[in-house]
Amino acid sequence: MIGYQALAVGADASFLGLLASAYALPALVTALAAGRLTDRVGGSVVALTGMFVAALGISGAIVVPGRWPLLAAAVCVGLGVILIMVGQ
């Protein structure tokens, strides 16, 4: 969805690659920390937090126009997805 929104605001192929990298970066950086957090507070708390973070990113992608807010939205969604997956 974020990729389609980027195309709607006129993004080129290099920006789409940057967008995909921004989505994948949180998983690379925070996967181990998310696992440790899950051990401490429980999987349901981490998964629910991830759901809210992903929803925040999607809402931001819909509401705020422009390319750079889409990058921030992609980071939020990527972080939310890794929290959901690890929490589960």
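**Reading a four-helix model**

Me: I see that I62 lies in helix 3, which covers residues 43–63. Is I62 buried or exposed?

Reply: Bear in mind that this is a predicted model. Exposed means over 50% relative accessible area. I62 has 53%, so it counts as exposed.

Me: Which residues share a nonpolar surface patch with I62?

Reply: The patch takes in M1, V63 and V64 along with I62, and together they have about 400 Å² of accessible area.

Me: Okay, zooming out: how many helices and strands are there in the protein?

Reply: You'll find 4 helices and 0 strands. Read from the N terminus, the order is α-α-α-α. The C-alpha atoms fill a box of roughly 45 × 25 × 15 Å along the principal axes, and buried residues are 32% of the 88.

Me: How many aromatic pairs does the structure hold?

Reply: There is 1. F15 and W68 are the partners, with 5.8 Å centre to centre. Planes over 60 degrees apart count as edge-to-face, and these two are at 85°, so edge-to-face is the label.

Me: What does that pair tie together?

Reply: F15 sits in helix 2 (residues 13–41) and W68 in helix 4 (residues 67–87), so the pair links parts 53 residues apart in sequence.

Me: And F15, buried or exposed?

Reply: F15 is buried, at 5% relative accessibility. W68 is exposed, at 60%.

Me: Which residue has its charged end over the ring of F15?

Reply: That's R67, whose charged end is 5.7 Å from the ring centre.

Definitions and conventions:
Residues numbered from 1 in each chain as written. Predicted model: local features only at pLDDT ≥ 70, side-chain atom pairs only at ≥ 80, totals over all residues. Heavy atoms only, no water. Patch = residues over 30% accessible without salt bridge, like charges linked within 9 Å, V, L, I, M, F, W, Y side chains within 5 Å. Areas by Shrake-Rupley, 256 points an atom, 1.4 Å probe, with all protein chains shown as cover. Salt bridge = Lys/Arg side-chain N within 4 Å of Asp/Glu carboxyl O. Helix = DSSP H or I, 4+ residues; strand = E, 2+ residues; numbered from the N terminus. Buried < 20%, exposed > 50% of the residue type's maximum accessible area, 1.4 Å probe, protein only. Phe/Tyr/Trp six-rings, centres within 6.5 Å; stacked < 30°, edge-to-face > 60°. Lys NZ or Arg CZ within 6 Å of the ring centre and 35° of its normal.
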